[in-house]
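Open the model in your viewer and keep the sequence panel visible. The stops below are given in the order in which to select them.

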Amino acid sequence: MLVVLGAQSFLSLLSSILYVANEGRFKSLWYLYPPDTAIELATATRLVMNWFKFFILYSNLMPISLYAAMEICNFFQAYFVKNDLAMYDEDQDCPAAVRSTNLCHELGQISYIFSDKTGTLTQNVMELKRVAILGKVFGEVTEERGFSEVKELHCWCQANVHQRLAADAFLEVLAVAQ
């Protein structure tokens, strides 16, 4: 990947130098440089501007550069997630941990999270104690067996169609997951 980006950068630099060197030959062509529209820029500025122009143009010839650009974007997104104060847990004194540059792509695919406390899997027992649907939390973590707020969830589902559809979708996934 670095070889391809290096080759693309070198080709862009060569093209930019040749373009700026031969630009004077094209100044007289009215269809390239209409009269009264000429803006004089320093040679270094023209070189940099043309380098970016050719780099973008050559990106079509070397599509691997799109992969590199995506990886750079993923890296910066991971950096922002890691340093986001809204994702900091004060109780555990723990910031968000990013262990993969594809984290942002994977987060968009999460619909449901099933979690258990440590130790229940060793007994091979998993009980539904608390659930959050559309931001509304139902249930309490108690020593009693089973889900404690079945009636409240049922009443909440009857309040509107959107809530009922969200609850039905969650309960369907829960039924299939077990």
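The tour begins with the whole chain and then moves through single elements and residues.

**Whole chain**

This is a predicted model, in which local features need pLDDT of at least 70 and side-chain atom pairs count only at pLDDT 80 or more, while totals for chains, interfaces and linings use all residues. Residues are numbered from 1 along each chain as its sequence is written, and side-chain values use heavy atoms, with hydrogens and water left out.

Colour by secondary structure: the chain has six helices and two strands. Helices (H or I, at least four residues) and strands (E, at least two) are DSSP runs, numbered from the N terminus. Read from the N terminus, the order is α-α-α-α-β-β-α-α. Of the 178 residues in the chain, 20% are buried. Buried means under 20% relative accessible area, exposed over 50%, and partly exposed in between, with a 1.4 Å probe and protein chains only.

**Helix 1**

Select residues 2-26, which form helix 1. The expected span of a helix is 1.5 Å times one less than its number of residues. For the 25 residues of helix 1 that gives 36 Å, and the end C-alpha atoms are 35 Å apart, which agrees.

Now centre on Val20, where helix 1 has a kink of about 35°. The bend at a residue is the angle between axes fitted to the seven residues ending there and the seven starting there. Val20 is also one of the buried residues of helix 1, along with Leu5, Gln8, Ser12, Ser15, Ser16 and Glu23. An α-helix has 3.6 residues a turn, so residues three or four places apart point the same way.

**Second largest pocket**

Keep Glu23 and add Tyr33, Ile39, Leu41 and Arg46. Of the 15 residues lining the second largest pocket, these five are the closest to its centre: Glu23, Tyr33, Ile39, Leu41 and Arg46. The pocket holds about 250 Å³ of space. A pocket is an open set of points on a 1 Å grid over the protein atoms alone, where a 1.4 Å probe fits, with protein on both sides within 12 Å along at least five of seven lines; lining residues have an atom within 4 Å of a point. Grid points are joined across faces, edges and corners, and the volume is the space filled by probe spheres set on the points.

Helix 2 (43-58) gives the largest share of the lining, four residues.

**Tyr79 and Asp93**

Select Tyr79 in helix 3. Tyr79 is partly exposed, at 46% relative accessible area. Measure from its C-alpha to that of Val98: the two are 8.1 Å apart in space and 19 residues apart in sequence.

Next is Asp93, in the loop between helix 3 (64-82) and helix 4 (103-107). Asp93 is not a glycine, yet has a positive phi of about 50°. Its relative accessible area is 56%, which makes Asp93 exposed.

**The strands**

Ile133 lies in strand 1 and is buried, with a relative accessible area of 4%. Its C-alpha is 10.0 Å from that of Ala169, 36 residues away in sequence. Leu134 sits in the loop between strand 1 (131-133) and strand 2 (136-138). Its phi is near 55°, a positive value in a residue other than glycine.

**Cysteines**

How many disulfides does a search of the whole structure find? Zero, a disulfide being a pair of cysteine sulfur atoms within 2.5 Å. Cys157 is in no disulfide, and the nearest cysteine sulfur, that of Cys155, is 9.2 Å away. Cys157 is buried, at 8% relative accessible area, whereas Cys73 is partly exposed, at 42%.
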